[in-house]
Amino acid sequence: MNVENTTKSMAAFDRALQLMPGGVNSPARAFGAVGGTPRFIERAEGAYLYDLDGKRYIDYIGSWGPMILGHAQAEIVAAVEAAARQGTSFGAPTEAESDLAELIISAVPSIEKVRLVNSGTEATMSAIRLARGYTGRSRVVKFAGNYHGHVDSLLVAAGSSAATLSVPNSPGVTPGAAADTIVLAYNDVAGLEEVFAAQSEQIAAVILEPVVGNMGCVVPTELFLRSLREQTEQHGALLIYDEVMTGFRVAYGGAQSLQGITPDLTTLGKIVGGGLPVGAYGGRKEVMDHVLPVGSVFQAGTLSGNPLATAAGIATLRQLADPALYERLEVLGARLAAGLSEAAGSIPHSVTRIGSMMTLFFNSEKVTDWSVAEKCDTECFATFFQAMLDRGIYLPCSQYEALFVSAAHTEEDIDETIQAARNAFAGGK
Ligand code: KE4
């Protein structure tokens with residue numbers, strides 16, 4: 001382990017702190033939960049990040065999900081370069097938008113029509129508005145520890161950086177904005193049934209992460225999923241699968257393809273843009289045709305379906321349409337999960353993994369919802385995070401995030417990571 005030289009990152013951070021709140025453009029990057037200096041990245045390639053001080057890291061953030069094929073992936077770079085030479089934005093329709101829409105629709109059967117936007121937040125915000133416009137109802141059910149972007153009405157008991165920074169109810173979210181949001185515990189079947197029994201006429205939608213990434217990786221029970229689909233179907237509410245993180249991550253068809261659930265609406269982001277800004281929401285034609293200009297539910301965006309972003313998304317999804325890629329991610333993910341758990345040894349911990357997304361929880365109890373997640377030893381996580389960073393391993397900088405393996409990672413990278421974990425836990429070099 002070489003002594004940490006973060007001189008240039010520290011200088012860059014000092015400069016950034018004068019210019020942007022917390023020196024970052026997203027709080028998740030600020031190292032708020034782990035302390036120390038965020039590493040300023042100069043470049044990235046394959047499975048590796050290189051910081052300003054020339055240090056190489058094996059990357060398990062993957063830009064919080066998008067970089068499933070690794071960084072600076074040749075076909076994606078070439079596609080973006082070629083698109084840029086044709087012009088970067090027109091404010092008029094392009095064939096590339098239809099190409100990306102077709103790839104999404106063919107991958108996710110529950111999506112018959114899709115609208116491209118610029119982020120996961122825009123996707124979930126628009127899906128909620130559509131559900132309310134379609135049903136004529138106001139209430140939305142979400143689950144503690146689930147994060148759906150910084151939508152006012154959903155920033156209550158949010159996961160991800162909100163939970164990490166322990167500000168689940170963000171200042172600035174007005175009582176009016178939050179008044180129609182019902183927050184339940186994830187996997188709480190009884191709670192869900194009670195809410196529908198009492199308020200079914202008012203519930204427009206239920207939104208969830210079908211595999212949670214934002215309180216760390218947490219999986220739903222079969223009973224919970226079945227109840228979600230039955231309750232929403234029975235009472236005329238829409239089931240919204242927020243697959244911004246799981247879409248094209250846990251499977252080409254997303255979590256819904258693994259779970260055998262057909263949601264009414266699906267939100268996407270991250271991977272569908274291949275590292276450029278793309279979000280999307282889609283579902284049954286009959287619902288989607290309520291969106292302007294066919295229907296009257298308003299949603300718009302200057303850069304939606306942007307030529308560079310759609311080029312990156314198309315190049316990404318075309319490569320992901322190879323089942324062998326997900327088989328490889330499964331092998332690498334399983335190897336890493338087993339190795340991290342073995343390295344943790346008798347330290348209270350549990351690991352939850354779906355494919356190439358996983359979390360090492362510093363909590364011996366299996367994490368099934370936020371009430372369990374919040375008992376994790378976040379101090380222990382922070383120490384482990386820094387020890388791994390010192391050893392050239394870049395993990396997500398919060399206990400309440402998932403780590404991601406990419407197709408660019410090798411068995412050697414995984415084994416180096418496991419050895420670093422052994423040394424970190426042992427306090428060795
Ligand atoms: P964006 O607006 O950040 O593109 O997407 C919001 C979003 C929506 N739904 C889910 C399930 C998500 O995970 C996200 C964003 N995820 C976080 C990380 N867990 C993004 C990282 C960040 O905020 O910087």
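These are my notebook entries on a predicted model with a bound ligand.

**Entry 1: the ligand**

I started with the ligand and its surroundings. I found 17 residues around it. Ser26, Thr121, Asn214, Asp242 and Glu401 come nearest.

Next I looked up the polar atoms. An N or O atom in the side chain of Ser26 is 2.6 Å from an oxygen atom of the ligand. For the side chain of Thr121 I also read 2.6 Å, again from an N or O atom to an oxygen atom of the ligand. Asp242 faces a nitrogen atom of the ligand, with a polar side-chain atom 2.8 Å away. I then checked the area. The ligand taken alone exposes 530 Å². The protein buries 88% of that.

What is the make-up of the shell, by nonpolar, polar and charged residues? I noted five nonpolar, eight polar and four charged residues. I also asked which domains the shell draws on. Domain 1 (7-60 + 323-426) gives at least three residues, and so does domain 2 (74-320).

**Entry 2: strand 8, where Asp242 sits**

I followed Asp242 back into the fold. Strand 8 covers residues 238-242. I checked its cover: five of its five residues are buried. Leu238, Ile240 and Asp242 lie on one side. Leu239 and Tyr241 lie on the other. Both faces are covered. I recalled the general pattern: side chains in a regular strand alternate between the two faces of the sheet.

Which way does strand 8 pair with strand 7, parallel or antiparallel? The pairing with strand 7 (residues 203-208) is parallel, over four bridges. I picked out one bridge, from Ala205 to Leu238 in strand 8.

**Entry 3: strands 1, 2 and 3**

I moved on to strands 1 to 3. Strand 1 (residues 41-45) and strand 2 run antiparallel and are joined by four bridges. Ala44 has Leu49 in strand 2 as its bridge partner. The two strands form a hairpin with two residues between them. Gly46, in that turn, has a positive phi of about 60°.

Strand 2 also pairs with strand 3 (residues 56-59). These two run antiparallel, with three bridges. Tyr48 has Ile58 in strand 3 as its bridge partner. This hairpin has four residues between the strands, and Gly54 takes a positive phi near 80°.

I then checked the faces of strand 2 (residues 48-51). Tyr48 and Tyr50 point one way. Leu49 and Asp51 point the other way. All of these are buried.

**Entry 4: the sheet of strands 11, 12 and 14**

I looked up the strand order here. It is 11-12-14, an open sheet of three strands with antiparallel pairing. Which strands stand at the edges? They are strand 11 (350-354) and strand 14 (403-404). Each has a single partner strand, so one side of each is left without a neighbour in the sheet.

Strand 11 joins strand 12 (residues 357-361) through five bridges. One of the bridges runs from Ser350 to Phe361 in strand 12.

I went on to the loop after strand 12. Asn363 is in the loop between strand 12 and helix 13 (370-373). Is Asn363 buried or exposed? It counts as buried, at 9% relative accessibility. Its side chain reaches the backbone nitrogen of Glu365 at 2.8 Å.

**Entry 5: backbone checks**

I went through the backbone angles last. Phe248 has a positive phi of about 65° although it is not a glycine. Phe248 lies in the loop between strand 8 and helix 9 (255-259). I found it buried, with a relative accessible area of 1%.

Lys270 is another non-glycine residue with a positive phi, about 50°. Its loop runs between strand 9 (265-268) and strand 10 (279-283). Lys270 is partly exposed, at 23% relative accessible area.

Where is the cis peptide bond? It runs from Leu292 to Pro293, with omega near 10°. I placed Pro293 in the loop between helix 10 (285-288) and helix 11 (307-320).

Technical notes: Residues numbered from 1 in each chain as written. Predicted model: local features only at pLDDT ≥ 70, side-chain atom pairs only at ≥ 80, totals over all residues. Heavy atoms only, no water. Near = heavy atom within 4 Å. Polar contact = N/O pair within 3.5 Å; in protein donor to acceptor, adjacent residues only side chain to side chain. Areas by Shrake-Rupley, 256 points an atom, 1.4 Å probe, with all protein chains shown as cover. Nonpolar A, V, L, I, M, F, W, Y, C, P; charged D, E, K, R; others polar. Domains from an automatic or database assignment. Pairing = 2+ DSSP bridges. Buried < 20%, exposed > 50% of the residue type's maximum accessible area, 1.4 Å probe, protein only.
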